[in-house]
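Please go through the helices, charged pairs and aromatic rings of this protein chain, with the reasoning behind each answer.

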Amino acid sequence: MNYLSVENISKAYGPKRLFEKISFGLNQGQRIGLIAKNGAGKSTLLKIVTGEEIADEGKVTFRNDLAVTYLDQNPVFEENDTVEEAIYKTENPTLNAVREYDFALEAFEAAVNDKTSARLEKATEAMNRLEAWQVESKVKEVLQRLKIAFLHKKIGLLSGGQKKRVALAKVLINEPQLLVLDEPTNHLDVEMIEWLENYLVNKDLTLLLVTHDRYFLDSVCNEIIEIDNKKLFSYKGNFQFYIEKKAEREGMENSEMDKAKNLYKRELEWVRKMPRARGTKSKSRVDAFYDVKDKVFGKHADKKLELSVKMNRLGKKILEVTHIKKAFGNIKIINDFSYIFKKGEKIGVVGKNGAGKSTFLNMVMELDKPDSGTITTGETIIYGYYSQGGIELKEDKRVIEVVKDIAEYIPLADGSKLSATQLLTRFLFPSEVQFSLVSKLSGGERRRLFLMTILIRNPNFLILDEPTNDLDIVTLSVLEDFLTKFQGCVLIVTHDRYFMDKLVDHLFVFEGNGVVRDFPGNYTEYRERKELEDRVKAASLLPPKGENIEARNIEKRKLSSKEKNEHRQLEKDISKLETEKETLTEKLNKGIEDHKEMMECSIRIGEIILLLEEKGMRWLELSE
C-alpha cells in the first residue's frame with residue numbers, strides 16, 4: 001500500500017540549488033534512510049515532505065487519512081509546558097485517556113474524596129472502553145528507556161539533549177502509521193540507541209529517517225536513498241548494500257567520464273580545424289560536440305575533504321592518571337582509577353549519559369579537578385580538544401577571519417604551508433562561504449570549522465567529545481581515515497558504534513557507581529563479552545538440577561540465616577504478586593461493571609508494580 005509519493009521536487013535558496021526534480025515513493029512497511037552530504041538538503045527534504053517548507057516545484061502526496069509524525073532535528077515546545085504536558089499534547093484519544101487516568105490517579109492518591117473518586121472512576125471507564133491498558137505500559141516503557149523521569153519539569157529548564165529525548169518519546173508514544181525522523185540518535189547514549197533500533201525493527205512501522213549512525217541505518221532500514229549532485233539515487237537494501245552498489249555506480253560513472261573525455265579531445269581537434277569552413281561542418285556533429293562537452297564539464301568530480309596537518313613530536317612521557325577519584329555529592333563518578341597512556345593509543349570512552357565521560361575529559365584538560373589523585377601531562381603534549389559544546393564564535397564574523405585569528409599560514413605534514421584560504425578550500429569551504437558570516441553556516445559546517453581550528457594547532461593528543469554529531473557520512477569517513485593514520489594519542493567519547501569500532505584499541509567503560517573498566521578491544525567486542533558475562537551471571541543464580549537452592553546460597557553467597565529466610569520469602573512474594581497482577585489486568589481488560597471495584601483494581605495494579613520493582617531489586621541484591 002502506497003503511503004507517500006514525492007514527484008519532481010526541486011528546491012533552491014537563492015543561487016544554491018539543493019536538488020532538482022527528484023522523485024521517490026514510500027510504501028507500507030518500508031524503512032527508508034536518507035543520506036547526503038551536509039548542506040545537500042536532507043533536513044529540507046524532510047520538512048517539505050511534512051509540510052514544514054514548500055518546494056519550488058513538484059508535489060507531495062499522502063494516502064488519505066494517513067497519520068504522520070515528524071521528529072525535528074531541533075524540536076520546538078511551549079517553554080512553560082511541563083514534560084508530561086508536552087508528551088501528552090496530542091489528538092490521539094487513547095493517549096488522552098492514559099493521560100487523564102494518570103492525572104486522576106495522582107489526584108486520588110493525594111486526596112481521597114468524592115470528587116477525586118468520581119474522576120478516577122470516569123478515567124478508568126475510558127481506559128476500559130478504549131482498551132488502553134497496554135498503551136499505558138508502552139508509555140511507561142518508552143519513558144523509562146529514554147531516561148525521562150523529570151515529568152513535572154518545565155520544558156524551558158531542559159537541556160537540548162533532554163528536549164530531543166522528550167520529542168522522541170512523544171513521536172514513539174503516538175505510534176503513527178508513518179514516522180519521519182531527523183537524527184533520532186543524537187543525544188542518546190549507546191544503550192538507548194540499541195533499544196531504539198530493536199523498537200523500530202520489531203514494530204510494524206513505516207519510516208523515513210536521516211541519521212549519520214551507520215550501524216543504525218544497517219539494522220533499521222531496508223532501503224537507502226541518496227541525494228548526490230542534486231539528483232536522487234535509490235538502493236533497495238540496507239547500508240551495507242548501499243555501500244557496495246554506490247561503489248559500483250561511481251565506478252561505472254568514472255569509466256563513462258574517461259570515455260567522454262577522450263571523445264571530447266578528438267571532437268575538439270575536429271572543431272578547431274579549418275575555422276573558415278566551420279559553417280560547412282555537419283551541424284549534427286557540432287551539436288554532438290557540445291553534448292559531450294556538457295557531459296565532461298557539467299559534473300565536476302567531487303572534491304574530497306583533506307585532513308593533513310603537521311603533528312608535534314611526542315616525548316616518552318604522555319599522560320599519567322594516578323588513583324583519581326571524583327564525586328558529585330553522593331554520586332560517584334570515578335573511584336580510584338589509574339592509567340599510563342602509551343604512544344599512539346586510541347582509546348574509546350563509553351557509558352550511559354551522566355556516567356561521567358565528559359567530566360573525565362575535562363579533568364584531563366584541567367578544566368575540572370579530581371577530588372583526589374593526580375593527572376600528569378608530559379612536557380611535549382599539545383592537546384586538541386573537540387568539546388561537545390562546539391565552537392563559540394561571533395555570529396557577525398567571517399569564516400576566513402576565524403582561521404586567520406589562529407594563523408595566516410598553516411604547516412602541513414609534508415613540510416609545505418597553506419594560506420588560510422587554501423586550507424579552508426581543503427576543508428570544503430568554497431570561496432563564497434569563506435567570506436560569508438558564521439551565522440550563515442549549517443550545523444555540520446560549524447562542526448567542520450571547529451574541527452579545522454583544532455587540527456591547525458598541530459596537536460599530538462586529540463581529545464574528541466562526540467565528534468560525529470552533525471557530520472555527514474562522507475566527512476565521518478574522511479575523519480576516520482585521518483585518525484587511523486594519526487601518529488599521536490586519541491581519546492574519544494562517541495555514541496557512534498561504527499566510528500568507535502573502526503578506531504579504538506581498547507575502552508574505558510564507565511559502568512556506574514565510580515567503576516571505570518579498562519577493556520582491551522573495540523565496542524562490538526565489549527558488547528559480546530558483556531552479553532556473555534550477563535548470561536553466565538544469570539545462569540549462576542539458578543541452582544543445578546536437584547540441588548537445594550538454600551544450601552547453595554549459603555555456600556556461595558554466605559547469606560546469614562535472616563537473609564536466607566528473607567530471600568526465600570521474596571521469591572514467594574514476587575510469584576504471588578505476578579499472579580495477582582495478571583489476574584487483575586485480565587479482569588480490567590474484560591470490563592468490570594462495578595465502578596468502585598474497577599477503581600480498586602486500577603489502584604492495586606499500580607501498587608503491585610511498585611512492590612515488584614522494590615522486591616525484585618532486593619531479591620537481586622541478595623542473590624548477588
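**Charges, rings and helices**

Q: What does Lys236 count as, buried or exposed?
A: Lys236 has 61% relative accessibility, to be read against fixed cut-offs (buried under 20% relative accessible area, exposed over 50%, partly exposed in between; 1.4 Å probe, protein chains only). The model is predicted, so local features need pLDDT of at least 70 and side-chain atom pairs count only at pLDDT 80 or more, while totals for chains, interfaces and linings use all residues. Residues are numbered from 1 along each chain as its sequence is written, and side-chain values use heavy atoms, with hydrogens and water left out. At its 61%, Lys236 therefore counts as exposed.

Q: Which residue meets Lys236 in a salt bridge?
A: A salt bridge is a side-chain nitrogen of Lys or Arg within 4 Å of a carboxyl oxygen of Asp or Glu. For this pair the N to O distance is 3.3 Å. The partner lies in strand β8 (residues 223–228), 13 residues from Lys236, which sits in the loop between β9 (231–235) and α9 (239–272); helices (H or I, at least four residues) and strands (E, at least two) are DSSP runs numbered from the N terminus. With a relative accessible area of 4% the partner is buried, and its name is Glu223.

Q: How many residues apart are Lys140 and Asp102?
A: Their side chains meet in a salt bridge at 3.9 Å, N to O. Lys140 is partly exposed, with a relative accessible area of 42%, whereas Asp102 counts as buried at 15%. Lys140 belongs to helix α5 (residues 133–145) and Asp102 to helix α3 (residues 93–110), so by the DSSP runs the pair links distant parts of the chain. Their separation in sequence is 38 residues.

Q: Which helix holds both Glu248 and Lys245?
A: The closest N and O atoms of this salt bridge are 3.6 Å apart. Both residues count as partly exposed, Glu248 at 46% relative accessibility and Lys245 at 30%. An α-helix has 3.6 residues a turn, so residues three or four places apart point the same way. Glu248 and Lys245 are 3 residues apart, about one turn, in helix α9.

Q: How far is Arg165 from the nearest side chain of opposite charge?
A: Arg165 lies in helix α6 (residues 160–174) and is buried, yet has no salt bridge. Its side chain reaches the backbone oxygen of Leu146 at 3.0 Å. Leaving aside neighbours within four places in sequence, Arg165 is in contact (heavy atoms within 4.5 Å) with residues including Lys147, Phe150, His187 and Met192. Lys and Arg count as positive and Asp and Glu as negative, with His and the chain ends not counted, and the nearest opposite charge, Asp189, is at 7.4 Å.

Q: What kind of ring pair do Phe341 and Phe508 form?
A: Rings of Phe, Tyr and Trp (its six-membered ring) pair if their centres lie within 6.5 Å; planes under 30 degrees apart count as stacked, over 60 as edge-to-face and the rest as tilted. The count comes to 18 aromatic pairs. In this one the centres are 6.1 Å apart and the planes are at 80 degrees, so the pair is edge-to-face.

Q: How many residues apart in sequence are Phe360 and Phe510?
A: Both are buried, and both belong to a cluster of ring pairs that also includes Tyr339 and Phe461. With centres 6.0 Å apart and planes at 55 degrees, the pair counts as tilted. Phe360 lies in helix α11 (residues 357–364) and Phe510 in strand β19, so the pair ties together parts whose separation is 150 residues.

Q: How many of the 13 residues of α15 are buried?
A: The buried residues include Glu445, Arg447, Phe450 and Met452. They pack against β14 (383–386), α12 (399–404), α13 (420–426), β17 (461–465) and α16. Helix α15 is largely enclosed by the rest of the structure, because its buried residues number 11.

Q: How far apart are the end C-alpha atoms of α16?
A: The expected span of a helix is 1.5 Å times one less than its number of residues. Helix α16 (residues 473–485) has 13 residues and should therefore span 18 Å. Its buried residues include Ile473, Val478 and Phe482. The end C-alpha distance agrees with the expected span, at 19 Å.

Conventions. A polar contact is a pair of N or O atoms within 3.5 Å; within protein, one must be able to donate a hydrogen and the other to accept it, and residues adjacent in sequence count only if both atoms are side-chain atoms.
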